[in-house]
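Please open the model in your viewer and keep the sequence panel beside it. The stops below go strand by strand, each beginning with a selection to make.

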Amino acid sequence: MKLSKLTGSRKGRVALAVIPVAIAASFLLGGVAQGAVPVSFAISGSQFKIGADQLVGTGFSQYAGVATASDGTKHPAAIANIKDAKLYNLCQSVVQDTPLGKVGLLISAGTAKDKPALATDLQIGMNDLSGTAVFKNIRIGVDASTVNTTKKGDAGDFAMDSDSIDIEGLQQVSWSTQAAVFQLTDLSLKITDGTECF
């Protein structure tokens, strides 16, 4: 799956959303494009990239949604929830065009083998993901209002969930993310001339 390139929406301003992960399913995005829109959320209009050697999570669900930029532009998105997640060798990047040229922010964390980045109650809006994933006790085609996570979709909408998720070689393009707690061990943040995680 070829990942989308980042696009800048506001010159002179660099926006950074803070991390995590999930898994994208093309049939969910297709449902949004056809008008099945159970979740809608506001975004800055800029995407960001997330990479990790491995994501290990418990309590996973996913359903369709829409990301709406400030100018009203709507983008289909997969909404993913993870109750608890560990991210090993985490990288996050965002790049935008400015009067000074391309300016980016590059974050790394969880670089030590025994000290991953930790997140609780994650919710991510994304449009692209690649990696090798393993699910435990997965259910596909469940009602979005009955998924096994605290945050749920609308009744009657297509969803999937699982007790756990393990993704190796994670590469993800996202619109937004939020978490109740996000712990970044060995945090490093750098301003770059456009360097990205992948």
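Two strands are said to pair if DSSP finds at least two bridges between them, and the strands themselves (E, at least two residues), like helices (H or I, at least four residues), are DSSP runs numbered from the N terminus. This is a predicted model, in which local features need pLDDT of at least 70 and side-chain atom pairs count only at pLDDT 80 or more, whereas totals for chains, interfaces and linings use all residues. Residues are numbered from 1 along each chain as its sequence is written, and side-chain values use heavy atoms, with hydrogens and water left out.

Select residues 48–68, which form strand β2; of its 21 residues, 17 are buried, a term that means under 20% relative accessible area, with exposed set at over 50% and partly exposed in between (1.4 Å probe, protein chains only).

Add residues 158–178, strand β8, which runs antiparallel to β2 and is joined to it by 14 bridges; within this pairing, S61 stands opposite D161. Next, bring in strand β3 (residues 74–88), also antiparallel to β2 and joined to it by 14 bridges, where S61 stands opposite N81. Follow the hairpin that β2 and β3 form, with five residues between them, and stop at G72 in the turn, whose phi is positive at about 95 degrees.

Then select residues 90–98, strand β4, which pairs with β2 in the antiparallel sense over three bridges, with S93 as the bridge partner of K49.

Finish at Q123 in strand β6 (residues 117–136), which counts as buried because its relative accessibility is 16%. Leaving aside residues up to four places away in sequence, Q123 touches (heavy atoms within 4.5 Å) Y63, I79, A80, N81, K151, S176, T177 and Q178.
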